[in-house]
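Student: I would like a close look at one part of this model, namely how its strands are paired and what surrounds that arrangement. Please give a connected account and make clear what each term requires.

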Amino acid sequence: MTSFWTGQRIRLRGIEPDDWAAFMRIAVDEERLGDLLQPPRPAESYRVWAQEQAAAANKGDCFQLVVEAVETGEVIGAVGSHHADPHAGWFEYGVSIGAGHRRKGYAAEAAVLLMRFMFAERRYHKCQARIFAGNEASLAFQRRLGFVEEGRLRDQVFFAGRHHDLVMMGLLVDEFDRMHSLRNP
C-alpha cells in the first residue's frame with residue numbers, strides 16, 4: 001500500500017527548512033493573481049518561517065502541508081486546514097499552487113487528500129472555503145470539487161483600493177463521499 005498522503009501525481013508532506021524558496025515563489029505568484037497585496041518580505045523572513053514550521057509542534061487539526069510533485073520531487077504548492085471547530089464539526093481549508101503548475105489537477109488532488117483525512121480520520125462533518133467573489137477560477141474549482149455557495153459576505157475584504165465580497169462555500173462529508181470517496185483508492 002502506498003502512503004495515505006500520496007496521490008497519483010502529488011505527495012503531501014510536512015514543511016522542511018529548505019522549502020523557504022518555494023514558499024517565497026508561491027507568495028509572489030499569489031500576489032500576481034490579484035487576491036492578496038502584502039508588503040514585500042525579505043528572503044530571510046521566509047527562511048526563518050520555514051525553519052519555525054519545520055520545528056513546530058502539531059497544532060491539532062490546523063496545519064499546512066507541502067504539495068510535492070511525485071515525479072520530480074519539486075515543491076509545487078501548499079494545502080492546509082486553517083480553522084477547525086471539532087465540536088461543531090467543521091474545518092476550513094485552502095490550497096495554493098505555483099503559477100507554472102496550475103490547471104493540471106494538482107490542486108484538486110491535494111484538496112481531496114486533505115479533505116479525505118479530515119473527514120475520514122478526524123471525523124469532521126463539513127469543509128468550508130472562502131473565495132473572493134471576483135475570483136471566477138477559484139469559484140469554479142470549488143464547484144468542481146462539490147462545494148456549494150452558502151452565502152456572501154458583502155464588502156468583507158479590502159484590497160487593491162476597494163472592498164470586495166467574500167463567497168462562503170461548503171461541502172458536507174456525504175457529498176464528498178459521493179464524489180470522491182472517503183476511502184483511499
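Tutor: Two strands pair if DSSP finds at least two bridges between them. The strands themselves (E, at least two residues), like the helices (H or I, at least four), are DSSP runs numbered from the N terminus. The model is predicted, so local features need pLDDT of at least 70 and side-chain atom pairs count only at pLDDT 80 or more, while totals for chains, interfaces and linings use all residues. Residues are numbered from 1 along each chain as its sequence is written, and side-chain values use heavy atoms, with hydrogens and water left out.

The part to examine is an open sheet of 7 strands, whose order is 1-2-3-4-5-7-6 and whose pairing is mixed. Its two edges are strand 1 (10-13) and strand 6, each of which pairs on one side only. Read along this order, strand 7 stands between strand 5 and strand 6.

A convenient place to enter the sheet is the contact between strand 3 and strand 4. These two strands pair in the antiparallel sense over 8 bridges. One of the matched positions places Ser81 against its bridge partner in strand 4, Tyr93. The two strands form a hairpin, with 4 residues between them. In that turn, Gly89 has a positive phi of about 85°.

The next step in the order, from strand 4 to strand 5, brings in the parallel sense. Strand 4 (residues 90-97) and strand 5 (residues 126-132) run parallel and are joined by 3 bridges. Trp90 stands opposite Lys126 of strand 5. Glu92 likewise has a bridge partner in strand 5, namely Gln128.

On its other side in the order, strand 5 meets strand 7. Here 7 bridges join strand 5 to strand 7 (residues 162-172), and the two run antiparallel. Ile131 has Val167 as its bridge partner in strand 7. Strand 7 is also the place of Met169. At 1% relative accessibility, Met169 counts as buried, a class that means under 20% relative accessible area, whereas exposed means over 50% and partly exposed in between (1.4 Å probe, protein chains only). Met169 and Lys126 illustrate how the fold brings separated positions together: they are 43 residues apart in sequence and 10 Å apart in space, C-alpha to C-alpha.

The order ends with strand 6, an edge strand. Strand 6 and strand 7 pair in the antiparallel sense over 8 bridges, and Gly151 has Met168 as its bridge partner in strand 7. This pair is a hairpin too, with 2 residues between the strands. Ala160, in its turn, has a positive phi of about 55°.

Backbone angles of this kind deserve a further remark. Most residues other than glycine have a negative phi. Asp155 departs from that pattern: its phi is positive, about 45°, although it is not a glycine. Asp155 is found within strand 6 (residues 148-159), and its relative accessibility of 48% makes it partly exposed. Ser181 is a further case, with a positive phi of about 75° although it is not a glycine. Ser181 lies in the segment after helix 5 (173-180), and it counts as partly exposed at 28% relative accessibility.

One last matter concerns possible covalent cross-links. The structure holds 0 disulfides, a disulfide being a pair of cysteine sulfur atoms within 2.5 Å. Cys62 is in no disulfide, and the cysteine sulfur nearest to its own, that of Cys127, is 12 Å away. Seen from Cys127, the closest cysteine sulfur is the one in Cys62, and that separation of 12 Å is too far for a bond. The two residues also fall into separate accessibility classes: Cys127 is buried, with a relative accessible area of 0%, while Cys62 is partly exposed, at 26%.

To return to the main theme, the sheet combines a parallel contact between strand 4 and strand 5 with antiparallel contacts between strand 3 and strand 4, between strand 5 and strand 7, and between strand 6 and strand 7.
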